[in-house]
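Q: Please take a close look at a single part of this model and describe how that part sits among its neighbours. A connected account would be preferred.

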Amino acid sequence: MPADSFYSLQDKVAIITGAARGIGAAIAERLLRAGARVVFADIDEREAQRTVAELEAGGKRSLVVAVDVTQRVQTEAMARQVVERFGTIDILVNNAGIAGPNKPLVEVSEEEWDGVCDINLKGVFLCCQAVLPVMLKNRYGRIVNIASIAGKEGNPNLTPYSATKAGVICLTKALAKEVCTQGIYVNCLTPAVIETPILKQVTQQQIDYMTSRIPMGRVGKPAEVAALVHFLASDDCSFTNGACVDISGGRATY
Ligand SMILES: NC(=O)c1ccc[n+]([C@@H]2O[C@H](COP(=O)([O-])OP(=O)(O)OC[C@H]3O[C@@H](n4cnc5c(N)ncnc54)[C@H](O)[C@@H]3O)[C@@H](O)[C@H]2O)c1
């Protein structure tokens, strides 16, 4: 591989859920700069349009798709729309997610529990199912799931969130074993606190607790997560499969 094509995503087609802002927008920017055609798949279409306008004036290599990842009809329509526009799907980054209720488990309602599970876990399942027929046909694919350090260690007062992220880690490992002989590699990341609008969903006390557990003594930046996704989405990721890669400033050490 020539040095100038290390990590190149030239002409690859990447769907990023939750790309309107935060970590998803940073991943979209990074993959665009690496040459990919990028689908900004988000429930907030207006914010996704605004982000595309900022990142890629003209937007020729970008496509905004309004999608609620909890709705099968919409995830299937998303996959069809992407194939119609770009001809294929090479990369899926399952990034859309919410923090959910930030309170003791005894106070969490059944509706709140279901809501977090639907977006954070079922959404990953539905998006994988929507794109896999294309990837299996091509015998090529890279799927990157954004889990969380909460899914490895558990954060108090974020039990539904922590449980769904543990689910994403194991979905990653199981699916990775299923499809890797067909050229599709599936990996996930476990970020610690990253500075994005999701932090508005939790209390300052919760943020302070989570940040205090990071040995590097600071929160992470969306671009730092995007750099790791870039590798996992590329052809250079050729022997990493079913991995759960930490990006936690040293909070998780194994
Ligand atoms: N920021 C952190 O500290 C942190 C840490 C670990 C893991 N993560 C994970 O990273 C991912 C991105 O988080 P973020 O911090 O950028 O959050 P964010 O709130 O800034 O962005 C989330 C995006 O997802 C979209 N979204 C929400 N529900 C959706 C749905 N049903 N269908 C489609 N899109 C939907 C939102 O519109 C938004 O654009 C999440 O899965 C989150 O759990 C974040």
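Which residue of strand 6 does G141 stand opposite?

A: In this predicted model, G141 stands opposite I184 in strand 6. Strand 6 covers residues 184-191 and runs parallel to strand 5, to which 6 bridges join it.

Strand 5 itself comprises residues 141-146. Its side chains may be taken by direction: G141, I143 and N145 point one way, whereas R142, V144 and I146 point the other way, and every one of these residues is buried. Because 6 of the 6 residues of strand 5 are buried, the strand is largely enclosed by the rest of the structure. The cut-off behind this statement is 20 or more other C-beta atoms within 10 Å of a residue's own.

Strand 5 also pairs with strand 4, residues 91-94, again in the parallel sense, and this pairing extends over 4 bridges. Within this pairing, V93 stands opposite V144 of strand 5. Between the two strands the chain passes through helix 4, residues 110-138, and the resulting β-α-β crossover from strand 4 to strand 5 is right-handed.

The surroundings of the ligand may be added to this picture. There are 27 residues around the ligand, of which G18, G22, G97, T196 and I198 come nearest. Helix 1, residues 22-33, supplies the largest share of this shell, with 3 residues. By class, the shell contains 14 nonpolar, 9 polar and 4 charged residues.

Terms used: Residues numbered from 1 in each chain as written. Predicted model: local features only at pLDDT ≥ 70, side-chain atom pairs only at ≥ 80, totals over all residues. Buried ≥ 20, exposed ≤ 12 C-beta atoms within 10 Å, placed from the backbone. Pairing = 2+ DSSP bridges. Right-handed = clockwise from strand over helix to strand, strands pointing away. Near = placed C-beta within 6 Å. Nonpolar A, V, L, I, M, F, W, Y, C, P; charged D, E, K, R; others polar.
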